[in-house]
Amino acid sequence: MSDLPAYLRDGAPGGRTYGTLSYNRRAKCWTIKGEPCVTELAKRLFPGAEGRGRGEARFAAHRRLVGELNWLMLRYPLEIREADRARWEQALAGAREYAERLDALYKAPEYAEPPPSFSGTLLPFQKQGLSFLLAGRRALLADEMGLGKTVEALAFLAASGDLPALVVAPPHLTRNWAREIERFLRLEGGVRVHTIRGLNPYPLPPCDVAIIHYLLLRGWKKALPEIGFRAVIFDEIQELRRGGTEKYSAASLLAGAVDDVIGLSGTPIYNRGGEIWNVVNILDYHMLGSYDSFSREWCVGYGGDVVKDPALLGDFLRREGLMLRRTKADVLPELPPKRRLVQEIDWDDQLYRKFMEPVTARLRLLDDAPDASARALLEDAICQDERQATGVAKAPFVAAFVRALVESGERVLLFAHHHRVMDIYKKELKPFRPAFITGRENERDKQQSCDAFQSGSTDLCVISLRSASGLNLQRASCVVFGELDWSPAVHSQAE
């Protein structure tokens, strides 16, 4: 007890009390009813404390605010309602345990071993990430892209047993999440995964993990908090960096209805930094105060969104156990020389069917081909058209994936085969001013594209698979194949 922070110690017994403390089971909060000097101070000091009218202040029942409330009671003792005394002692014990473990993690990282229900193997830094998530329960894992945030999040679900769980992901990553869940979670009887479809809520089938993409949240705003999920994982949580939308409101209600909230993002801080307040508010309500107080104390100019000292803010979030971020440079000795990942993404079914119409027409002509040579030419045309239909249908989703890579600081070479596909990339990725080497450029234009990428004028270069020979673009940190060639040797040449 002597090692506990002063604000988590017991107050002096007896003496005057300034009001009562009770637990509201419906709202899942602690409520102070007392003298105005106490309730007004609570609401002024702790933006997370709410309460309409005089004489009442409410604290959400999670560990950080329980500690704040105990600190307040050291100065203004409150009489705890007898029916809630055991609950308060339990909540305070949880806050103390959290503070001690957080202090230990900050001084010396722990490395948790995943349980047998997790089928993967974690690298040491990923075991540290698992320890961090298990300690925080409401936290942001902000590792650079490619370091295995998805795997760590699934190891957390296995270790915590917080099922059923909900995964909220961008549209292009829902299929990948379903595949990774089935790959890494080994539950008795098999893992049950359901991907939510459509804006209109419906009764979900029995499942261990449900998946929904951000664009559907507004339709499920009222339904999701009532389902009884124990944990929610927000993948690419920077999708919630802008408040005031139905998507954000739905995510906020959902986060308030579950015990554990995990955010994953390689780029949690955008532009001038102020949007991090919206992200943190989903994970831990008003942990950074109200937006007004945040902009006043952390940003340049009242009401502004330029964080004055991003390093100081990052250190504060780490000390409070809310954020863990590692870069590739931090964990380089643990990484293999080269990592190849297969990323399953979504596609546009309607667009695919449109581009397959001429293919269907050619298929009907196969049986009537006059000779083997004509049949071979027809088969080749069918294969080429089907290949293009596939590339076009998934191109916007490939672009969304690449957008996340570039925004997280990767220097990307994006390879494709069809000009029509590369034209879609050009439109979708226009804000990043990509360079292009597609086979349609002359030698001077090709060299200008190489120079632009190598000099840092752009962090994205789109290249035709058959134009990769002879290029020297060693500044790249990541290679993406938006389309595949028939020959694996072409991929090796591109790498």
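**Salt bridges and overall architecture**

The count of salt bridges comes to 24. The structure is a predicted model, and the values reported here were computed from it. Four of the residues involved, Arg137, Asp162, Arg230 and Asp260, are linked to one another in a network of salt bridges.

Three individual pairs illustrate the settings in which such contacts occur. In one of them, the side chains of Arg81 and Asp84 meet with an N to O distance of 2.9 Å. The two partners fall into separate accessibility classes. Arg81 has a relative accessible area of 41% and is partly exposed. Asp84, in contrast, has a relative accessibility of 0% and is buried; the cut-off for this class is under 20%.

A second salt bridge joins the side chains of Arg179 and Glu180, with 3.5 Å from N to O. Here too the arginine is partly exposed, Arg179 having a relative accessible area of 26%. Its partner Glu180 retains a relative accessible area of 10%. Glu180 is therefore classed as buried, since this value is under 20%.

The third pair consists of Lys247 and Glu239, whose side chains form a salt bridge at 3.6 Å, N to O. Lys247 is partly exposed at 22% relative accessibility. Glu239 is likewise partly exposed, with a relative accessible area of 33%. Neither residue of this pair counts as buried, because the relative accessible area is 22% for Lys247 and 33% for Glu239, whereas burial requires a value under 20%.

Charged side chains were also examined across the protein as a whole. There are 67 positive and 65 negative side chains. The centres of these two sets lie 4 Å apart. The accessible surface comes to about 24,800 Å². Carbon and sulfur atoms account for 50% of this surface.

With regard to the fold, the protein contains 16 helices and 15 strands. Its C-alpha atoms fill a box of roughly 100 × 50 × 40 Å along the principal axes. Of the 495 residues, 48% are buried, and Asp84 and Glu180 are among the residues in this class. Contacts were further considered by sequence separation. Among those between residues at least 6 apart in sequence, 67% join residues at least 24 apart.

Technical notes:
Residues are numbered from 1 along each chain as its sequence is written. This is a predicted model: local features need pLDDT of at least 70, side-chain atom pairs count only at pLDDT 80 or more; totals for chains, interfaces and linings use all residues. Side-chain values use heavy atoms; hydrogens and water are left out. Helices (H or I, at least four residues) and strands (E, at least two) are DSSP runs, numbered from the N terminus. Buried means under 20% relative accessible area, exposed over 50%, partly exposed in between (1.4 Å probe, protein chains only). Contact means heavy atoms within 4.5 Å. Accessible areas come from the Shrake-Rupley method with a 1.4 Å probe; for residues, only the protein chains shown count as cover. Lys and Arg count as positive and Asp and Glu as negative; His and the chain ends are not counted. The place of a charge is taken as NZ of Lys, CZ of Arg, CG of Asp or CD of Glu.
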